[in-house]
Amino acid sequence: MTSVLHLLQEMPDARERLAYASRMTEVAAHEVLGIVESAQPECQRMVTQCRDMGAALDRLATSQDLTIDRARSIVRLCSGMVARMGVFAGAQHAALGDIMLRQDFQDLSGQVIGKAVALIQNAEAHLTEVFEAPIGAAVHNGSAAPMLTGPQVPDKALKQGEVDDLMASLGF
């Protein structure tokens, strides 16, 4: 019975751990979504600029009246585009690094959730033993043993408050 009481005392800790992992997940999800949302407009601008630049280069390549000045003008436009692509790539690299940092909690929250699940599984196993024990048997150290009849030694007996707390925690 004391192992069941111990497990019941650990339940609030497991609940707090799961709530903590849930909060960490929620915060990280919002941060990651914010990073992605802020990066999307620049991505779309780059897609449009690259598409436009490709079309202009295709037209220039098939143009019959290509002059040196016109070619130089296009090369300058391409140079500017390459420079913007470098800045864009650097910004996207930083955004991806931020996303990765926001996800670093995954390992920690996985450990927290794993410990809480183990505690719940252990509690479930012990509670199942207690409630499935045959009438007239007591669960002691994981095995059913015949109950001793007669008066209990006062320092070994459960106090009424402990019994009341146990029953209240089980919904009775």
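These legends describe close-up views of a predicted model.

**View 1. The whole chain, read from end to end.**
The chain has four helices and two strands. Along the sequence, these elements follow the pattern α-α-α-β-β-α. Of the 172 residues in the chain, 18% are buried. The chain exposes about 12600 Å². Carbon and sulfur atoms supply 61% of that exposed area. Take the contacts in the chain with a separation of 6 or more: residues 24 or more positions apart account for 76% of them.

**View 2. Ala61 in helix H1.**
Helix H1 covers residues 2-61, and Ala61 is found in it. Is Ala61 buried or exposed? Ala61 has a relative accessible area of 66%. Exposed means over 50%, so Ala61 falls in the exposed class. Now look along the chain to Ala71. Ala61 and Ala71 are ten residues apart in the sequence. Their C-alpha atoms are separated by 9.6 Å.

**View 3. Helix H2 and its span.**
Helix H2 runs over residues 68-102, a total of 35 residues. What span should H2 have at 1.5 Å a residue? The expected value is 51 Å. The end C-alpha atoms of H2 are 51 Å apart, which agrees with that expectation. Several side chains to find in this view belong to buried residues. In H2 these are Ile74, Met81, Phe88, Gln92, Ala95 and Ile99.

**View 4. Helix H3 and its buried residues.**
Helix H3 covers residues 105-132. H3 has 28 residues. From its first C-alpha to its last, H3 reaches 40 Å. That is close to the 40 Å expected at 1.5 Å a residue. Which residues of H3 are buried? They are Phe105, Ser109, Val112, Ala116, Leu119, Ala123 and Leu127.

**View 5. A nonpolar patch on the surface.**
Four residues to locate here are Leu18, Ile113, Val117 and Ile120, which form a nonpolar patch on the surface. Together they have about 260 Å² of accessible area. Which helix gives the most to the patch? Helix H3 does, with three residues.

**View 6. Val117, a member of the patch.**
Val117 is found in helix H3. It is also one of the residues of the nonpolar patch. How does Val117 rank for exposure? Its relative accessibility is 36%. Buried means under 20% and exposed means over 50%, so Val117 counts as partly exposed. Compare Ala116, which is among the buried residues of H3.

Note on methods. Residues are numbered from 1 along each chain as its sequence is written. This is a predicted model: local features need pLDDT of at least 70, side-chain atom pairs count only at pLDDT 80 or more; totals for chains, interfaces and linings use all residues. Side-chain values use heavy atoms; hydrogens and water are left out. The expected span of a helix is 1.5 Å times one less than its number of residues. Buried means under 20% relative accessible area, exposed over 50%, partly exposed in between (1.4 Å probe, protein chains only). Contact means heavy atoms within 4.5 Å. Accessible areas come from the Shrake-Rupley method with a 1.4 Å probe; for residues, only the protein chains shown count as cover. Patches are made of residues with over 30% relative accessible area and no salt bridge: like charges are joined within 9 Å, nonpolar side chains (Val, Leu, Ile, Met, Phe, Trp, Tyr) within 5 Å. A salt bridge is a side-chain nitrogen of Lys or Arg within 4 Å of a carboxyl oxygen of Asp or Glu.
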